[in-house]
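User: Please take me through the terms used for this model. For each one, I should like to know what justifies it.

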Amino acid sequence: MKDADGKEANQATDASSGADKPVATPVPTLQPDPTTQPGSMPKADKEPLISASPPDRKPGKQPLLPASIKTKTVYLTFDDGPGRYTDQIAAILAKNNIHATFFAIGENLKHYPKQVNHLLDAGHYVGLHSMSHDYNKLYKSGSSANFIEEFQQEQALFKKITGQDVDLIRAPYGSAPQINKKFRDDIVDAGFKMWDWTVDSEDWSYKNHPEKVIGQVKRQVRGNLNVILMHETKQTVQALPQIIAYLKNKGYAFAVYKPEEHLVVNFAHDDRL
Ligand SMILES: [Zn+2]
């Protein structure tokens, strides 16, 4: 089912089931399960407030990639942190002398400020992934208002925690189909850039099966430019060394997002983003 729609694993803290069927219209009218409120406030060193699990859905479209990329390049991206696996992921990247791009959830930034600063100090890029990762809050109204507000809130929080400005975002569950033209206009007006991905590792769905995560990456990576969607999960940590080894063996260089060398990677092929 490599090209089938990703299935939501449904952690208690994330309402996403039912939101995984792309439909023809890009209007966010899909009806996910009601959000389950996080049960108890986590301790800083325990589970993050937002679970790293069930996240970003496979979209129907692939982003249009610039033809200018002449070398085989891969961007590793890790969503839904920071959290208890961030340090392990960073250690694997350091061991391989490569950098990656992370998309952090605001509520998790509050609990793991040290981790995000470590990532930045080590040369990784950290972008924004909303405050709540809550499908209903972000998309259900059909308006971009809550979405923009959450990302602006997270942008300010990020500045407070890291001292840095950031404008690259990744829409929870991806930008298709829930983000339409008007929605994108608003994102542009708010000054954000937005990245989707080209390879969905589906790592969140393969609990205890890192080999399946590796298999997805091997099946989907192709061409000169790949943006690989992964999440901060245990199986991702387990799979990562082999994924990196495979890509190195295939001749890929590892790139990290740079605002001054921004590439358009979104499902709508919107070159304003
Ligand atoms: Zn996510």
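**Terms and their grounds**

User: Which residues of helix α7 are buried?

Analyst: P210, V213, I214, Q216 and V217 are the buried residues of α7, which spans residues 210-220. Here a residue is buried if 20 or more other C-beta atoms, placed from the backbone, lie within 10 Å of its own, exposed if 12 or fewer, and partly exposed in between. The structure is a predicted model, in which local features need pLDDT of at least 70 and side-chain atom pairs count only at pLDDT 80 or more, while totals for chains, interfaces and linings use all residues. Numbering starts from 1 along each chain as its sequence is written.

User: What puts these buried residues on the same side of α7?

Analyst: They span an arc of only 155° around the axis (taken from the directions from the axis to the C-beta atoms), and therefore they lie on the same side of α7. The face turned away from that buried side holds the exposed residues E211 and R219. Among the elements covering the buried residues are β6 (199-200), β7 (225-231) and α8.

User: Why is α7 called oblique to α8?

Analyst: The axes of α7 and α8 cross at roughly 40° and come within 8 Å. These axes are lines fitted to C-alpha atoms over the stretch in contact, with angles from 0 to 180 degrees between N-to-C directions. Under 35 degrees counts as roughly parallel, over 145 as roughly antiparallel, 65 to 115 as roughly perpendicular, and the rest as oblique. The crossing angle therefore makes α7 oblique to α8. On the α7 side the contact is made by P210, V213, I214, V217 and K218, and on the α8 side by Q235, T236, Q238, A239, Q242, I243 and Y246. Contact requires C-beta atoms within 7 Å.

User: Which residues touch the most other members of the largest nonpolar core?

Analyst: A104 and I228 do, in a core of 60 residues. Helix α8 (residues 234-249) is the greatest contributor, giving six residues. Such a core is a set of buried Ala, Val, Leu, Ile, Met, Phe, Trp, Tyr and Cys residues joined through C-beta atoms within 7 Å. Leaving aside residues up to four places away in sequence, A104 touches G81, P82, L109, V116, V126, L128 and H129.

User: Where does P82 lie, and what kind of peptide bond joins G81 to it?

Analyst: P82 belongs to the loop between β1 (73-81) and α1 (86-95). Its peptide bond from G81 is cis, with omega near -5°. Another cis bond, with omega about 0°, links A176 to P177; P177 is in the loop between β4 (168-169) and α6 (181-189).

User: Is N97 buried or exposed, and is S130 buried or exposed?

Analyst: N97 has 7 other C-beta atoms within 10 Å and is therefore exposed. S130 has 26 other C-beta atoms within 10 Å and is therefore buried. N97 has a positive phi near 60° without being a glycine, and lies in the loop between α1 and β2 (101-104). S130, also not a glycine, has a positive phi of about 80° and sits in the loop between β3 (125-128) and α4 (135-139).

User: How many helices and strands does the chain have?

Analyst: The chain has eight helices and eight strands. These are DSSP runs numbered from the N terminus: H or I of at least four residues for helices, E of at least two for strands. Of its 273 residues, 49% count as buried.

Key: Two residues are in contact if their C-beta atoms, placed from the backbone, lie within 7 Å.
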